[in-house]
Every structure is written in C-alpha cells, then in structure tokens.
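The following account leads the reader through a single protein chain, from its overall make-up to individual strands, helices and residues. It is best read with the coordinates open in a viewer.

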Amino acid sequence: MSSPKKLQLHSFLSSFSSTLAFLIFIPLVLVLVLVCTLGPQSSYVLSFSSSSWAWRSVGLLRSLTSYKEKDQHLQVVGLVTFNNSAKDSFSNRPLGEGVEDIWKDEMNEGEKHSDETTGIVKRYNRLERLESILAKARSSIREAARNGSMISNHQDPDYVPQGPIYRNTNAFHRSYLEMEKKFKIYVYEEGELPIFHNGPCRSIYSTEGRFIYEMEKGNMYRTKDPEEALVYFLPFSVVVMVGYLYVSGGPDSRHVIGRTVADYIHVISSRHSFWNASLGADHFMLSCHDWGPHTTSYVPHLFNNSIRVLCNANTTEGFNPQKDVSLPEINLKTDDTLGIIGGPSPSGRSALAFFAGGLHGAIRNNLMQQWKGKDQDVLVYEELPPGKSYETMLKNSKFCLCPSGYEVASPRVVEAIYAECVPVLISDGYVPPFSDVLNWNAFSVKVAVEDIPNIKKILMSISQTQYLRMQRRVKQVQRHFVMNGPPKRFDLFHMIVHSIWLRRLNIRV
C-alpha cells in the first residue's frame with residue numbers, strides 16, 4: 001500500500017511543479033513579447049503608479065465636439081467666454097470666471113507626466129510631448145487669471161498690459177509670454193508662387209499679405225521641423241487666387257478657387273501625416289477677402305475643424321468664435337503707417353460723429369437715409385465735398401461710425417483707432433478682432449442696426465468724462481493694431497499669432 005501512495009504523491013508533485021512553472025514562465029514570455037512588439041514608437045505608454053499598472057491609450061480627442069456636448073460655451077483658458085452669438089462676445093463677463101472643468105482634467109494629466117517619475121521610465125510620442133507643453137501653459141495661464149488686478153504682475157521690459165481695455169491683464173500677459181516661449185508654427189512648403197507663399201501688402205487686404213510675408217521670412221515662431229510644431233499654416237492667398245483664377249461672369253469661376261484649395265489640402269494630406277492626425281484641427285488658414293469663408297467650405301474639415309483667420313468674421317455665415325479668429329481689415333497704401341497714426345486732443349475735435357463711404361449693403365443704405373446731409377453734428381457723406389480730407393475728418397471727430405458694407409468687416413474700425421477716434425460699430429453678427437483678450441466695451445460703442453435713427457441720442461448720452469476715458473483707451477489699444485516691419489512685440493502680427501495660440505490651447509490632439 002505504501003508504494004502506490006508514494007507514486008501518487010510523486011505524480012502530484014510533478015504535476016504541481018509543471019503547473020507552477022507554466023503559471024510563472026508563460027506570463028514572462030508574454031510580457032517580453034509585448035514590450036518588443038510595442039517598441040519606442042508605440043502610441044501606448046506603460047506607466048507605473050503606486051496603486052497599479054495602467055495602460056494609457058493616446059488617441060484623438062475631438063475637443064470642439066466634446067465641449068459643445070458639455071456646454072454651448074467654450075473657455076479660451078479662462079480668457080473669454082464665447083457662444084454662437086456675436087452679442088455675447090461683447091459681454092462684460094470677467095476673465096477667468098467659470099472655467100470649464102475639462103481644463104482641470106488636462107492640467108492633472110500634465111502633472112502626472114511630471115510627478116510619476118518612479119519606476120519604469122516612460123516614453124512619450126510626439127503628440128504626448130506637445131500636449132504636455134500645452135497642459136503646462138494652460139495651468140500657468142489659469143493661475144495668472146486668478147489675479148483680478150487691473151495691471152499685470154509679470155515683469156516685461158517692453159510693455160506691461162494694464163487697465164480695463166483687457167478682460168484680464170494677468171491672463172493675457174501670461175498667455176503672451178507662454179506663446180513667445182513655446183509656440184511653433186510649421187509652414188507647408190508645397191505650392192508655387194504667386195498663388196501660394198505670397199499675398200498683397202498694399203491694399204485693403206494688406207493684413208493677409210503682411211502676415212504671409214512675415215511667416216515666409218521665418219524670423220518669428222516658424223519652425224522647419226514639422227514634428228515640433230503646434231500648428232500648421234496653409235500659405236495660400238484667396239486674394240491672389242481671385243486675381244489669377246476668377247473670370248468675371250465666367251462659369252464656375254468661384255468654384256475654381258474652392259477646388260484649388262481642396263486640391264492643396266489633398267496634396268499636403270497625402271505627403272504629410274499631420275492633417276489626417278487631427279482632421280485639420282491644428283491647421284490654420286488666413287484670408288481677408290470676402291470669399292475666404294466660402295472658399296473653405298469646399299473642404300468640410302477645413303470649414304468645421306481648422307482655425308480660420310478671417311476678416312469676414314460673420315457669425316451668420318459660419319464664423320465660429322470658438323475656433324476661428326477675427327482678423328482686422330486694414331487698407332494700407334504704403335509700406336508703413338507714418339502720418340496716419342495719431343490725432344489732436346479731444347478739445348480739438350469739433351465733430352460729434354463722422355462717416356464717408358459708398359452705398360455698400362443695407363446697413364449703409366439705412367445710415368445714408370437717416371443721416372446723410374441732415375445734421376451738423378453727425379456728418380455722413382457718400383462722397384466727401386471738395387477740399388475735405390478723409391484723414392482730417394477722422395481726426396477732427398470724437399466718434400467714427402463704422403458700419404458694415406456688403407460684408408461685416410470694415411477697415412474703418414482700425415482707421416478710427418489710428419486716428420484716436422472712438423469707433424462706433426454698426427453691424428449684425430460681427431465679432432471684433434482680439435475679443436478673446438480685449439474688452440471692446442471699454443474703448444468703443446456698439447450701435448444695433450435698428451438703433452441707427454438714434455445714433456446722435458446714443459452718442460450725446462455719453463458724458464464728457466466717459467468719452468475722455470474711452471478716447472485715452474483707444475490710444476492705449478492702438479499698439480495692438482499697428483503693422484510694423486519688422487514686427488514689434490504686442491503689435492498686430494503678434495496679436496494675430498496670439499489669437500491662433502489661444503485656439504490651439506483649446507484643442508487636444
């Protein structure tokens with residue numbers, strides 16, 4: 001009896017040893033195979049925490065969609081609140097108020113990247129590295145936004161933002177400094193002159209040409225390495241396309257321009273991986289032509305996802321301030337702004353309000369019918385009388401009327417700021433430039449289209465003390481609308497780039 005028992009015991013021990021070896025050896029083999037398979041370029045990261053091992057998958061977060069599902073509002077890192085109405089973009093809501101909880105999640109994730117340094121050394125792919133940079137910038141801006149002071153507490157040798165012209169001085173200044181340190185733009189090299197890499201620098205479309213010119217020079221923000229870029233610039237000019245491709249009265253002439261843009265997107269998405277990786281969300285185009293918005297509609301992802309920098313910032317025609325940028329329209333006839341910036345003191349301005357311009361659109365027609373030649377204080381002309389200078393009339397007026405034409409944008413807004421004349425914006429659906437950081441209520445007047453008959457009453461109701469404050473603020477905000485060659489800190493070029501930077505902060509790839 002003892003011999004069979006020994007045999008059973010021996011058999012049991014052998015079986016147990018085999019099972020134990022199987023349970024230990026096989027998982028080790030699987031782990032080794034898995035590590036070798038993933039390699040350093042995997043989109044999965046093995047991270048270690050004190051509580052557990054965790055696999056984190058890095059994928060595309062369509063943040064614009066997720067934000068809309070969570071709330072119709074979008075926070076630009078606490079700098080401003082927008083919804084789909086232009087009216088809301090003029091609100092006086094303080095900066096930094098009601099920041100989305102989604103930013104907390106992203107900030108916490110950024111902290112994990114820096115805190116979980118024990119255990120296995122983690123490998124970051126390109127998108128994770130870039131998103132970590134952005135997460136730290138968001139955290140820094142949020143912290144600055146908590147300071148409600150009217151003057152920035154950040155040191156700066158050139159300019160320290162202050163006063164009510166800003167929604168939050170500290171948030172803006174911190175964001176601007178973060179942009180200067182971290183923002184890198186890749187300009188696609190595909191495309192040939194003159195339609196690509198070129199634009200008009202002396203015309204009503206000068207902001208389009210000047211921006212393309214500065215980006216092509218590559219002295220600021222541009223990187224030659226697309227792997228380290230945070231955004232990608234599509235360097236086509238709608239203005240030049242219209243000049244070369246549009247035939248007045250020709251069949252499908254406007255479609256030729258749209259198809260040219262579609263072909264360009266096809267080329268860059270075929271040669272590079274970046275467009276497809278984000279569905280265009282980290283790409284931007286820039287146009288000051290009225291057809292700019294329509295041209296982008298030929299590429300749905302360009303229209304719906306990409307950052308569109310447009311002079312025609314009309315919310316009733318698809319402009320989305322949650323992701324698009326309002327571009328100032330400036331009619332430059334020379335290479336500089338000498339002689340057109342500045343004006344007399346308020347005491348030297350004899351006219352209450354002034355406008356001169358053609359009958360472009362219903363709003364101007366309404367303005368002409370109500371005020372043309374009917375009042376000595378509100379001077380409205382279709383054509384200036386002989387001997388009258390347009391620039392002189394601007395500088396002799398307290399308020400400058402800026403009605404929309406066929407489209408919402410008008411160079412008169414910046415002309416008024418240059419002449420240190422308080423702008424009076426008369427439009428439907430227009431989002432003023434840089435509304436994400438500038439408080440337009442502090443230095444301009446907004447008149448609804450239906451209130452055009454009441455313009456004089458509205459302007460006369462503004463006290464002298466209030467007007468003097470607004471006029472001083474116009475002079476202060478002027479630096480943000482001046483084109484310099486080469487660009488200077490906080491000027492128009494940098495403010496355009498900053499608006500793009502803010503939109504990039506609001507998406508996560």
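The paragraphs below begin with the chain as a whole and then turn to its sheets, its helices and some single residues.

The model is predicted. Its chain has 509 residues, of which 53% count as buried. The secondary structure amounts to 17 helices and 15 strands. Among the contacts with a separation of 6 or more, 70% are accounted for by residues 24 or more positions apart.

An open sheet of five strands offers a first point of orientation. Its order is β12-β11-β13-β14-β15, and the pairing is parallel. At the edges lie β12 (378-381) and β15 (445-447), each of which pairs on one side only. From one strand to the next, the twist averages 25 degrees.

The pairings inside this sheet can be followed strand by strand. Strand β11 (residues 351-356) is joined to strand β13 (residues 397-403) over three bridges, in the parallel sense. Within that pairing, Ala351 has Ser397 of β13 as its bridge partner. On going from β13 to β14, one finds five bridges, again in the parallel sense. Here Leu401 has Val424 of β14 as its bridge partner.

How many of the residues of β14 are buried? Five of its five residues are, and the strand is mostly covered. This holds for both faces: Val422, Val424 and Ile426 lie on one side, Pro423 and Leu425 lie on the other, and all are buried. Val424 thus appears twice in this description, as the bridge partner of Leu401 and as one of the buried residues of β14.

Two helices can be placed relative to these strands. Helix α12 (residues 362-371) lies across β11, β12, β13 and β14 (422-426), and runs at about 125 degrees to β12. Helix α16 (residues 464-477) packs on the sheet and touches β13, β14 and β15. The direction of α16 makes about 95 degrees with that of β14.

A further set of parallel pairings involves strand β8. Strand β7 (residues 231-233) pairs with β8 in the parallel sense over two bridges, and the bridge partner of Tyr232 in β8 is His283. β8 also pairs with strand β9 (residues 307-310), in the parallel sense and over four bridges. In that case Leu286 has Val309 of β9 as its bridge partner.

Why is β8 (residues 283-287) described as largely enclosed by the rest of the structure? The reason is that five of its five residues are buried. His283, Met285 and Ser287 point one way from the strand, while Phe284 and Leu286 point the other way, and all are buried.

The UniProt record places the annotation "transmembrane region" on residues 20-39 and 229-247, in an unreviewed entry. The model can be compared with the second of these ranges. Over residues 229-247, the chain is 42% helix and 16% strand, and the end C-alpha atoms are 38 Å apart.

The account now passes to a pair of helices. Two packed helices are described by the angle between their axes and the distance between the axes. For helix α4 (residues 126-145) and helix α17 (residues 492-505), the axes come within 10 Å and cross at roughly 105 degrees. Because of this angle, α4 counts as roughly perpendicular to α17. On the α4 side, the contact is made by Glu131, Leu134, Ala137, Arg138 and Ile141, and on the α17 side by Trp501, Arg504 and Leu505. Sorted by class, the residues in this contact are five nonpolar, no polar and three charged.

Each of these two helices also holds a residue that can be examined singly. Arg126 is in helix α4. It counts as buried because its relative accessibility is 19%, and the cut-off is under 20%. Leaving aside residues up to four places away in sequence, Arg126 touches Pro226, Glu227, Ala229, Tyr232 and Phe274. One of these, Tyr232, is the residue whose bridge partner in β8 is His283.

His498 belongs to helix α17. With a relative accessible area of 0%, His498 is buried. The C-alpha atoms of His498 and Phe172 are separated by 9.4 Å, although the two residues are 326 residues apart along the chain.

Key. Residues are numbered from 1 along each chain as its sequence is written. This is a predicted model: local features need pLDDT of at least 70, side-chain atom pairs count only at pLDDT 80 or more; totals for chains, interfaces and linings use all residues. Side-chain values use heavy atoms; hydrogens and water are left out. UniProt positions are given in the numbering used here, feature names are shortened, and annotations may be inferred rather than shown by experiment. Buried means under 20% relative accessible area, exposed over 50%, partly exposed in between (1.4 Å probe, protein chains only). Two strands pair if DSSP finds at least two bridges between them. Axes are lines fitted to C-alpha atoms, for helices over the stretch in contact, and angles run from 0 to 180 degrees between N-to-C directions. Angles under 35 degrees count as roughly parallel, over 145 as roughly antiparallel, 65 to 115 as roughly perpendicular and the rest as oblique. Contact means heavy atoms within 4.5 Å. Ala, Val, Leu, Ile, Met, Phe, Trp, Tyr, Cys and Pro count as nonpolar, Asp, Glu, Lys and Arg as charged, and the others, Gly among them, as polar.
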